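Work through the exercises below with the sequence and the 3D structure open. Try each task before reading its solution.

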Amino acid sequence: MSQQPVIVLVDDEEMVITSIRAYLALETEYTVHGFTAPLEAVKFLRGHEVDVVISDFLMPRMNGLELLAAAKDRQPEAARVLLTGHADKQSAIQAINQVGLFQFLEKPWDNAQLLLVINSALERTRLVRDLARKIAELDAAHSTIKEAQRRLIRAFL
Amino acid sequence: MEPAQRIAELETALATAERQLIESYPMASLGRLLAGIVHEINTPIGSIVSNNEVSARSLEMVRAKLRESAETGTPPPPKVLDVLDTLVSLSAVDRMACDRILSVIRGLKTHSRLGESDVRAASLPELIVGALKLACSEYKRRVKVETDFAALPDVECYPSQLSQVLLNLIVNAAQAIEGEGVIRLSTRQAGGMAEIEIADTGRGMTPEQQAKVFQQGFTTKPPGLGTGLGLSISHDIVVNQHKGSIEFESEPGKGTVFRIRVPFTQPKP
Ligand SMILES: Nc1ncnc2c1ncn2[C@@H]1O[C@H](COP(=O)(O)OP(=O)(O)OP(=O)(O)O)[C@@H](O)[C@H]1O
Ligand SMILES: [Mg+2]
């Protein structure tokens, strides 16, 4: 993450987005993209790299789980957080299993806790991306060795 | 004990149990909507709490900057204006959030003034909006609600009782809709009475079901979702207490329309 972390926030209530955006603007330099329409968020996720996706659960047309599943599909490394007003254990468990949820937060949320979750989510995303890069490097190194080996063998044939 | 006496005793006990069941129905039906109501209030409260924290911190910051500028004789940095802009927009959000909470509370108040025994002139659209607030927090994301209120004089009625009827009809309509659909609520003057219509695009009812809807205990819903008391109580409230009428048309797979009529005035006791 060379530039500022990018956060996507989805809630069908504009007031939630306004409040969280104001808080994050006060506390951090993060870029926040807010969406009241889940489908718009999905469209955005197709073309932009993001680090954390935070979503409400009950929304029209697409619920939070469906949205986070779409996010996982498009950007598997971005950490996924569910922010819900339904203290519904069932959907929480379902979410953790289905979409590989990073955290589950309940409304009314606590700002300090929200920030803590966002920061550890960012850390996780960074680690996952680092790991992916290391593996790619190793792969590249491995194929370089393979190639050298092949050339060596050919030289002796 | 004589068998006849025993039977009489049992009948009294049964009547008492039935009355208790009916008396507890309004609170029980509200209880089933509680999760949705809590959700409806949690969102604005979350916003207000968050905004309050941001506002307090922002004000601290503005004060520090203004003090610094007064002490050094330099104009305050333009950032102060940005912070003030944010504060203005947050207070607008707070206003909206409070209105949201208030309208739910107002709905709850109308609904829970159950002991209220006096006839009072009430606005039907207001009663409908109050009932919608309580019912629809759970359904509003999948069910579209359309309203069409014709200008109507206030109606003399037992408002909390009518609110009970409306709540049941709205919940029935929402529960009849699987997935997405529409509930249309309208009021008009018809035949010298005030008329309320509640139409849904839900599953409708078969002729066998239609024959039983007003029977006490008839329900097609699983335990926890329905007791089958709603329409029998609604019928009693509209017909016996208000001298009005309640009727419906329903088509399986298409939807249902319930129509209530109540007179504008109630007889003086
Ligand atoms: N709008 C509707 N569309 C389809 N079926 C309906 C509608 N309204 C009522 N019904 C049918 O009539 C039955 C009885 O309704 P009623 O309101 O009396 O009880 P309930 O809704 O089942 O339980 P409760 O009112 O206690 O929640 C329902 O279970 C349902 O089968
Ligand atoms: Mg009912």
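**Exercise 1. A positive phi in chain A**

Task: Locate R61(A) in chain A, and decide whether R61(A) is buried or exposed.

Solution. Step 1: R61(A) sits in the loop between strand 3 (52-56) and helix 3 (64-74) of chain A. Step 2: its backbone angle phi is near 70°, a positive value in a residue other than glycine. Step 3: the relative accessible area of R61(A) is 64%. The cut-off for exposed is over 50%, so R61(A) is exposed.

**Exercise 2. How far to trust the model**

Task: This is a predicted model. Find which element of chain A has the lowest confidence and which has the highest.

Solution. Step 1: take the scores of the whole model, which are ipTM 0.78 and pTM 0.80. Step 2: take the chains. Chain A has a mean pLDDT of 89, with 95% of its residues at 70 or more. For chain B the mean pLDDT is 91, and 98% of its residues reach 70 or more. Step 3: look inside chain A. Helix 4 (residues 89-99) of chain A has the lowest confidence, with a mean of 73. Strand 1 (residues 6-10) of chain A has the highest, at 98.

**Exercise 3. A buried salt bridge and a cis peptide bond**

Task: Which parts of chain A does the salt bridge of D11(A) and K107(A) tie together?

Solution. Step 1: check the distance. The side chains of D11(A) and K107(A) form a salt bridge at 2.9 Å, N to O. Step 2: place both partners. D11(A) is in the loop between strand 1 and helix 1 (14-27) of chain A, and K107(A) is in the loop between strand 5 (103-106) and helix 5 (111-156) of chain A, so the pair ties together parts that are 96 residues apart in sequence. Step 3: check the accessibility. D11(A) is buried at a relative accessible area of 1%, and K107(A) is buried at 4%. Step 4: look at the next residue. K107(A) and P108(A) are joined by a cis peptide bond with omega of about -5°. P108(A) also lies in the loop between strand 5 and helix 5 of chain A.

**Exercise 4. A salt bridge within one helix**

Task: How far apart in helix 5 of chain A are R126(A) and E123(A)?

Solution. Step 1: the side chains of R126(A) and E123(A) meet in a salt bridge of 2.8 Å, N to O. Step 2: the two residues are three places apart in helix 5 of chain A, which means a separation of about one helical turn. Step 3: an α-helix has 3.6 residues a turn, so residues three or four places apart point the same way. Step 4: R126(A) is partly exposed at 34% relative accessibility, and E123(A) is partly exposed at 38%.

**Exercise 5. Salt bridges in chain B**

Task: Is K254(B) buried or exposed, and which residues does the salt-bridge network join?

Solution. Step 1: K254(B) and E251(B) meet through their side chains in a salt bridge of 3.5 Å, N to O. Step 2: K254(B) counts as exposed at 58% relative accessibility, whereas E251(B) counts as partly exposed at 43%. Step 3: salt bridges with shared partners join R188(B), E195(B), E197(B), E247(B), E249(B), R259(B) and R261(B) into one network. Step 4: the count over all chains is 33 salt bridges.

**Exercise 6. The magnesium ion**

Task: Which protein atoms are the donors of the magnesium ion (ligand 2)?

Solution. Step 1: the protein donors are OD1 of N168(B) and OD1 of N172(B), lying 2.2 Å from the ion. Step 2: both residues belong to helix 5 (residues 159-176) of chain B, where they are four residues apart, about one turn of the helix. Step 3: N168(B) is buried, with a relative accessible area of 9%.

**Exercise 7. Helix 7 of chain B**

Task: Describe the length of helix 7 of chain B, and find what its buried residues pack against.

Solution. Step 1: helix 7 (residues 230-241) of chain B has twelve residues and spans 15 Å from its first C-alpha to its last, close to the expected 16 Å. Step 2: its buried residues include L231(B), I233(B), I237(B) and V238(B). Step 3: the buried residues of the helix pack against helix 1 (3-32), helix 5, strand 6 (245-251) and strand 7 (255-263) of chain B. Step 4: just after the helix, K243(B) takes a positive phi of about 55°. K243(B) is in the loop between helix 7 and strand 6 of chain B and counts as exposed at 55% relative accessibility.

Note on methods. Residues are numbered from 1 along each chain as its sequence is written. Chains are lettered from A and ligands numbered from 1 in the order in which they are written. This is a predicted model: local features need pLDDT of at least 70, side-chain atom pairs count only at pLDDT 80 or more; totals for chains, interfaces and linings use all residues. Side-chain values use heavy atoms; hydrogens and water are left out. Donors are N, O and S atoms within 2.8 Å of the metal (3.2 Å for Na, K and Ca); water is not among the atoms, so sites may look incomplete. Buried means under 20% relative accessible area, exposed over 50%, partly exposed in between (1.4 Å probe, protein chains only). The expected span of a helix is 1.5 Å times one less than its number of residues. Contact means heavy atoms within 4.5 Å. pLDDT is the predictor's confidence in each residue, from 0 to 100. A salt bridge is a side-chain nitrogen of Lys or Arg within 4 Å of a carboxyl oxygen of Asp or Glu.
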